[in-house]
Amino acid sequence: MHRLRSLVPSANYLFCFEAAARRRSFTAAAQELNVSQPAVSKTIRLLEEATGLKLFRRDHTRLELTAEGQRLYKETQEAFDHLHMVISSLQKKHSNDVVRVSFSASFVQLWLLPRLKDFKAKHPDVSLRIEESSRDDQDLVEEDIDLSARLGNGKWPGIHSWRFVTEEVMPVCSPDYLREHGPIHEPADLLRHALLNFEERHRTRLGWREWLERHAVPVARLKQDFVFTDALGSIEAAVLGQGIALGWKHLIHDHVQAGRLVLPLRESYRSGQAVHIIMPAQRPPKRGAELFRDWLIEQDADGAT
């Protein structure tokens with residue numbers, strides 16, 4: 001037991017004293033500490049009894065520190081400030097060892113998770129905090145994100161970018177669905193099938209109408225029996241035989257390789273854009289973020305499917 005414990009039975013006495021001395025009010029200290037004013041008054045009385053010191057002078061209008069109270073307040077504040085500095089420094093050091101990354105739910109679930117074991121085997125000392133985001137316009141600095149992905153031409157202010165995979169989109173369905181409802185000979189045949197749609201609130205992605213029009217299939221009215229809020233939902237529904245989804249080649253790769261999804265048509269759409277790995281340019285990158293970026297690029301997602 002530390003020697004201080006014999007003089008101050010509870011560290012809470014000192015927190016309460018520091019707040020009351022700084023605010024010069026038991027009532028204000030109680031509001032700050034989220035306790036009652038009588039609780040503060042009692043804690044100060046217990047501290048005075050434990051130390052044998054008179055810390056405050058009380059009258060009807062003001063609360064003043066005694067000379068002993070002034071000395072204890074100064075030393076308590078300095079001790080608290082020093083502890084705050086030490087703990088903050090340790091937390092900052094720890095946070096530098098954690099790489100915060102942010103991707104769409106579909107990328108995390110369909111592409112990243114099946115491959116994370118390989119990254120961890122190669123870089124066991126790198127800790128990843130993986131966040132799922134529904135937006136492409138995240139402020140990486142403001143939101144303290146070390147690495148993310150974004151679809152486009154790779155040119156964004158304040159952003160370093162590295163090409164990850166070319167955007168290529170194709171219809172996919174389960175083998176059972178194709179056996180039951182197929183065959184599908186050309187893009188126009190898709191209009192006779194259950195098309196699985198998705199609309200992301202904060203992210204613009206190619207939909208069925210755009211895909212069909214790019215293959216010269218006019219669409220007067222697109223039937224929407226199922227609409228999901230993320231591509232992940234539509235692709236997983238396709239795996240379960242609910243219909244035909246649009247699949248980005250890197251996202252559907254594992255399902256196709258495992259035979260859970262098939263490509264009912266040879267046609268696909270290449271937008272000319274690419275998904276880029278991005279990092280904020282305003283601050284030096286963490287070593288772990290650089291290792292994770294290099295590992296992502298090494299996966300050669302463009303070679304998939």
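**Exercise 1. The largest pocket**

Which helices each supply at least two residues of the lining of the largest pocket?

Solution. The model is predicted, so local features need pLDDT of at least 70 and side-chain atom pairs count only at pLDDT 80 or more, while totals for chains, interfaces and linings use all residues. Residues are numbered from 1 along each chain as its sequence is written, and side-chain values use heavy atoms, with hydrogens and water left out.

Step 1. Fix the terms. Helices (H or I, at least four residues) and strands (E, at least two) are DSSP runs numbered from the N terminus. A pocket is an open set of points on a 1 Å grid over the protein atoms alone, where a 1.4 Å probe fits, with protein on both sides within 12 Å along at least five of seven lines; lining residues have an atom within 4 Å of a point.

Step 2. Name the helices. They are helix H1 (11-23) and helix H4 (67-96). H4 gives the most, with 6 residues.

Step 3. Look at the lining as a whole. It has 18 residues, and Leu-4, Val-8, Leu-14, Thr-76 and Phe-80 lie nearest the centre of the pocket.

**Exercise 2. The sheet and strand S3**

Give the strand order of the open sheet, then describe the surroundings of S3.

Solution. Step 1. The sheet has 8 strands in the order S4-S3-S5-S10-S6-S9-S7-S8, and the pairing is mixed. Two strands pair if DSSP finds at least two bridges between them.

Step 2. Strand S4 (127-132) and strand S8 (226-228) are at the edges; each has a single partner strand, so one side of each lacks a neighbour in the sheet.

Step 3. S3 runs parallel to S4, joined by 6 bridges, and Phe-103 stands opposite Glu-132 in S4. Strand S3 (residues 98-103) is also parallel to strand S5 (residues 147-152), with 2 bridges. In S5, Leu-147 stands opposite Val-101, and Ser-148 is the bridge partner of Ser-102.

Step 4. Check burial, where buried means under 20% relative accessible area (1.4 Å probe, protein chains only). In S3, 6 of its 6 residues are buried. Val-98, Arg-100 and Ser-102 point one way, and Val-99, Val-101 and Phe-103 point the other way.

**Exercise 3. Helix H10**

Is H10 largely enclosed by the rest of the structure or left open?

Solution. Step 1. Count the buried residues: 7 of the 9 in H10 are buried, so the helix is largely enclosed. They are Lys-249, His-250, Leu-251, Ile-252, His-253, Asp-254 and His-255.

Step 2. Find the cover. It includes helix H5 (105-112), S6, helix H9 (231-239), S9 and S10.

Step 3. Place the helix. H10 (residues 249-257) lies across strand S6 (159-172), strand S9 (244-248) and strand S10 (269-280). H10 runs at about 55° to S6, where axes are lines fitted to C-alpha atoms, for helices over the stretch in contact, and angles run from 0 to 180 degrees between N-to-C directions.

Step 4. See what follows. After H10 comes Gly-259, whose phi is positive, near 85°.

**Exercise 4. Thr-43**

Which residues does Thr-43 touch, not counting residues up to four places away in sequence?

Solution. Step 1. Locate Thr-43: its place is in helix H3 (residues 37-51).

Step 2. Thr-43 has a relative accessible area of 13%, so it is buried.

Step 3. List the contacts, meaning heavy atoms within 4.5 Å. Thr-43 touches Asn-12, Tyr-13 and Cys-16.

Key. Buried means under 20% relative accessible area, exposed over 50%, partly exposed in between (1.4 Å probe, protein chains only).
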